[in-house]
Amino acid sequence: MTLVAELNRLYAETRALHVHDVGLAGFEWVDADDNENSVFSFLRKGDRPGDVVLCLFNCTPVPRHDYRVGVPVGGRWRELLNTDAAVFGGSGMGNLGGVAADHDSVHGRPASLRVTLPPLAAVYLTPTG
């Protein structure tokens, strides 16, 4: 119940997650072809530049450390939600609140993140400014 309440709060407060629910303007795949790791990543986009949420899903019971994913902007990315957080009954594995992007191009994007993806979990990140 705690996780569902937090997901509902995040959805309501984060425009990038709901402002373009209908149509393709609010959605963009980052990587839907990582069959080896069973990780899916996509962007939810709002109506302002930089109004974006990176959504990552690890569909295996294996943690992914230093998982590289492309992002549209550099700088610091804050972890909005991690479904493996201890408050939700998870192991608490994560990214210590956020990660810094580097300028290595991955997935055709100008910057990338090295993230920890807990097992069987979703992680949501957004640029801090």
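Start with the cysteines: this predicted model has a disulfide count of zero. To see why, select Cys55 and Cys59 and look at their sulfurs. The cut-off for a disulfide is 2.5 Å between sulfur atoms. The sulfur of Cys55 has its closest cysteine sulfur in Cys59, and at 13 Å that is too far for a bond. Run the check from the other end and the answer holds: for the sulfur of Cys59, the closest cysteine sulfur is in Cys55, 13 Å away.

Keep both cysteines on screen and turn on the surface. Cys55 is buried, at 1% relative accessible area, whereas Cys59 is partly exposed, at 43%.

Next stop, strand β8. Select residues 121–127. How many of the seven residues in this strand are buried? Seven of the seven, so β8 is largely enclosed by the rest of the structure. Color the two faces separately if you like: Ala121, Val123, Leu125 and Pro127 sit on one side, with Ala122, Tyr124 and Thr126 on the other. Both of those faces are covered.

Now bring in the strands that pair with β8. Show β3, residues 52–58, which runs antiparallel to β8 and pairs with it over five bridges. For a landmark, pick Leu54 and find its bridge partner in β8, Leu125. Then add β5, residues 76–82, which also pairs with β8 in the antiparallel sense over five bridges. Here the pair to click on is Leu81 and its β8 bridge partner, Tyr124.

Leave Leu54 and Leu125 selected and add Trp77, Leu113 and Val115. These five have the most contacts inside the largest nonpolar core, a set of 18 residues. Which elements give two or more residues to this core? They are β2, β3, β4 (64–71), β7 (111–117) and β8. Of these, β7 gives the most, with four residues. There is also a second, separate core of 10 residues, and some of its members will be familiar by now: Phe42, Val53, Cys55 and Tyr124 are among them. That puts the buried Cys55 in this second core.

Finish on the outside. Select Phe27, Trp29 and Phe40, which together make a nonpolar surface patch of about 290 Å². Phe40 belongs to strand β2, residues 39–45, and Phe40 is partly exposed, with a relative accessible area of 34%. So β2 is worth a last look: the strand holds patch residue Phe40, while β2 is also one of the elements giving two or more residues to the largest core.

Methods. Residues numbered from 1 in each chain as written. Predicted model: local features only at pLDDT ≥ 70, side-chain atom pairs only at ≥ 80, totals over all residues. Heavy atoms only, no water. Buried < 20%, exposed > 50% of the residue type's maximum accessible area, 1.4 Å probe, protein only. Patch = residues over 30% accessible without salt bridge, like charges linked within 9 Å, V, L, I, M, F, W, Y side chains within 5 Å. Areas by Shrake-Rupley, 256 points an atom, 1.4 Å probe, with all protein chains shown as cover. Salt bridge = Lys/Arg side-chain N within 4 Å of Asp/Glu carboxyl O. Pairing = 2+ DSSP bridges. Core = buried A, V, L, I, M, F, W, Y, C linked by side-chain atoms within 4.5 Å.
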